[in-house]
Structures are given as structure tokens and as C-alpha cells.
Amino acid sequence: MKISLLFGLAAGAALAVALRAPLATTVLGLIAFGVLHNVLELRYVAGRFAPVLRGRFLVVLLGLISAIVGCRLAAMFVGEPARYAEILVGYAVLAAGCAHALRGWRLGAAAVVLTVAATASLGFPAYHFVILAHLHNVVPLFFLWEWGGRLRHAAVFRWTQVAWVLGVPALILAGALDFALGGVAPSTVAAFAGDPARIIAASAPPGSAAIVGARFLVVFAFLQTMHYFVWVYFLPRHAPDAARAFEARLGILRGWRAWALGGGLGAALAVLFVIDYASGRALYGAFASYHAYLEFPVLLALLSAAGTAGSQLVFRETASGRQEPAAVSM
């Protein structure tokens, strides 16, 4: 119950700052926590779900995602062709995850869904990237839902996550909180980010009315802030078993070293953000592809395990009573 209350308080604070200054919240939050949360999220996912991310499958995923990094870097110079290429490779990542996690009719159904979705994405690429941006901020719901199963009051915890991930954004988009909107004009603390329209365009459907764009920006700022809360504060504090499992695979990042890596890279990139925000954002977005796209195959494995009697992630209990990934049966 205390953990659920903690999330309620965090969501309230995040909503307050997002409504008051959505542009500054988005820009400054990215500079302060963007790189660090990348490192810590990768540590959690690679540790907690080690049975999924291993062997040839991991090599395939890293190869495909590296291609996406190349597409995003190329987009800085060639524009649209690289974005179309990223869409195709992104669906290849999903296809690889489906081939690994699904069998029989489920795999066939997934192939049909991916084909239809890829066709829609290629037809409307601007919508594709807006949806991808928001979907990444929604992903913690699945990881928190899975983690919360160990709690005594699991149902309360899980539905608390649903409330802030889905309920609060629904209220914002419906206009229920328009009275509290603080506007999206550049603030003195984020003026270097330039034209707000470029930032809104990354989070709102193309051609949106001003008020709709403002709502989507607030949703993005709110979910991004909570995203950082989950990966930088909550899971490192409450799921140390995942960090230990990761360190068993990559001891060079043991203990404080992961934090130092994230903080050091973040500080270096912050300089570029201040000098040229657009270039810094593009460079960050390219290398953030690893943590953003690596989530989806893991989610497919989780959903497959939940929906198939013969497929489940198996965890072993350590001497301290904590749960660590041990194997996957599929």
C-alpha cells in the first residue's frame, strides 16, 4: 500500500509540473535524466529478463537495432528515406520477437497484424513516430505489472499503475484539465530548445489544433517524467535483484559504475543539448534506440508467457529470498 501511495504522490507532482510548464518539463527532463535512464533501464531489462535476451536471439536483436541507430543518424542528413528505413527495420525487430516467442496460429496471426501495421506506418510515417514516442512512455506499465505480482497488495499496486499510465492521459486528452494548462511558449529555462512547434510535432498528431497539440505535449511531459521516476528511482531501489543478475553477465558495470556511465554520458550530451538542442536530440534519439526497441521483444515474451499454458518465464529464488531469472520454457 505504501508503494502505491508513493506512485500516487509522484504522479501528482509530475502532473503539476507537466501542466504548469510542459515544454520546460520535456526539455529539461530529457537533458537531466535521458541518458541515465537509458543505462538503468537496459540494466533492469537485461538482468530481469536474461532468459529471453541471450544467445543468437540477442545477437539478432542487437544487429537490427544497430541498423535503426544508423537510420536515425542518417536521417540527420537524408531525411525521409532514413525514416522509412527505420520503420521497416523496426517491424523486423517485432517480427524477430514474434518468431522467438510465438508458435502455431499465434505466430500466423502476428504476421498478419505486423503486415497490416507496417503498411499503415509506411503510409502515415508521421503518425507512426508520434505513436512510437508515446508508446515508449507507456511500456513501464507492463514491467511494473509483472514486478507487482510479488506484492501482498498486488491488485492495488497494479491498478495504481493503470490509473496514472492510462487514466491521467485520458483525462488530459479529453480536456478535463484544460483550466490548468500553463501554455507552451518557450520559457527562459528552455529557450535554447527553439520553436515549441518542433517539440509539439514529436508528440502530437500532424495538423492538430493548438489546444490538441498542447494536450498531447502535457501528456508526453507527464508520462516522460513518470518514466524517469520508474527507471531512475523506483526500480533501482525496489528491484536490486535485476541489477545483480545484470552484473553477473557484465561485471564491468557493477555497482556504482552503471550510474557513473549514465551520469557521465548524460553530462557530456547536455553540453551539446545547450549548444544545439536539435542536434543533441537527434544524437540522443539514435542511441536511445537500444533501450526503446529492446523492450518490445521482452514484452512479447511476457505476453506470450501470460497467454500460453506451456510458456512462462521461470525465476529462481536466491539465498536472500529474492527472485532472479533462471530459464524460459516455451
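Which element supplies the largest share of the lining of the largest pocket? The answer is helix α13, from which 8 residues of that lining come. Before this pocket is described further, the reliability of the model should be considered.

The structure shown above is a predicted model. Its mean pLDDT is 88, and 90% of the residues reach 70 or more. Among the elements, helix α8, spanning residues 154-173, has the highest mean pLDDT, at 97. The lowest mean, 41, belongs to strand β2, at residues 323-329. Over residues 314-330 the pLDDT is below 50. Beyond near neighbours in sequence, this stretch nevertheless has 46 contacts in the model.

A pair of helices offers a starting point for the architecture. Two packed helices are described by the angle between their axes and the distance between the axes. The axes of helix α1 (residues 2-20) and helix α10 (residues 210-238) come within 9 Å. They cross at roughly 145 degrees, and the crossing is right-handed. On the α1 side, the residues that make the contact include Ile3, Leu6, Phe7, Ala10 and Leu19. On the α10 side, Val218, Phe222, Met226, Phe229 and His238 are among them. By class, the contact of α1 with α10 has 17 nonpolar residues and 2 polar residues, with no charged residues.

The open spaces of the structure may be considered next. The largest pocket has a volume of about 1,300 Å³. It is lined by 44 residues, and the closest to its centre are Arg83, Ala202, Arg281, Ala282 and Gly285. Elements giving two or more residues to this lining include α3 (55-78), α4 (80-101), α6 (125-138) and α9 (196-201). Helix α10, already met in the crossing with α1, also gives two or more residues to the lining of the largest pocket. In class, the lining divides into 26 nonpolar, 12 polar and 6 charged residues.

The second largest pocket holds about 630 Å³ of space. Of its 23 lining residues, Asn38, Val39, Leu42, Phe287 and Tyr290 are the closest to the centre. Here α2 gives the most to the lining, with 6 residues. Two or more residues also come from each of α3, α11 (240-249), α12 (256-275), α13 and α14. The lining of this second pocket has 20 nonpolar residues, 1 polar residue and 2 charged residues. Helices α2, α3, α13 and α14 appear among the contributors to the largest pocket and also among those to the second largest pocket.

Enclosed space remains to be described. A search of the whole structure finds 2 cavities of 30 Å³ or more. About 50 Å³ of space lies in the largest cavity. Its lining consists of Leu40, Arg43, Tyr44, Trp231, Leu235, Pro236, Ala239, Ala242 and Ala243. Helices α2, α10 and α11 each supply at least two residues of this lining. By class, the lining of the largest cavity has 8 nonpolar residues, no polar residues and 1 charged residue.

Notes
Residues are numbered from 1 along each chain as its sequence is written. This is a predicted model: local features need pLDDT of at least 70, side-chain atom pairs count only at pLDDT 80 or more; totals for chains, interfaces and linings use all residues. Side-chain values use heavy atoms; hydrogens and water are left out. pLDDT is the predictor's confidence in each residue, from 0 to 100. Helices (H or I, at least four residues) and strands (E, at least two) are DSSP runs, numbered from the N terminus. Contact means heavy atoms within 4.5 Å. Axes are lines fitted to C-alpha atoms, for helices over the stretch in contact, and angles run from 0 to 180 degrees between N-to-C directions. A crossing is left-handed if the near helix is turned anticlockwise from the far one by less than a right angle, and right-handed if clockwise. Ala, Val, Leu, Ile, Met, Phe, Trp, Tyr, Cys and Pro count as nonpolar, Asp, Glu, Lys and Arg as charged, and the others, Gly among them, as polar. On a 1 Å grid over the protein atoms alone, a cavity is a set of points where a 1.4 Å probe fits but cannot get out, and a pocket is an open set with protein on both sides within 12 Å along at least five of seven lines; lining residues have an atom within 4 Å of a point. Grid points are joined across faces, edges and corners, and a volume is the space filled by probe spheres set on the points.
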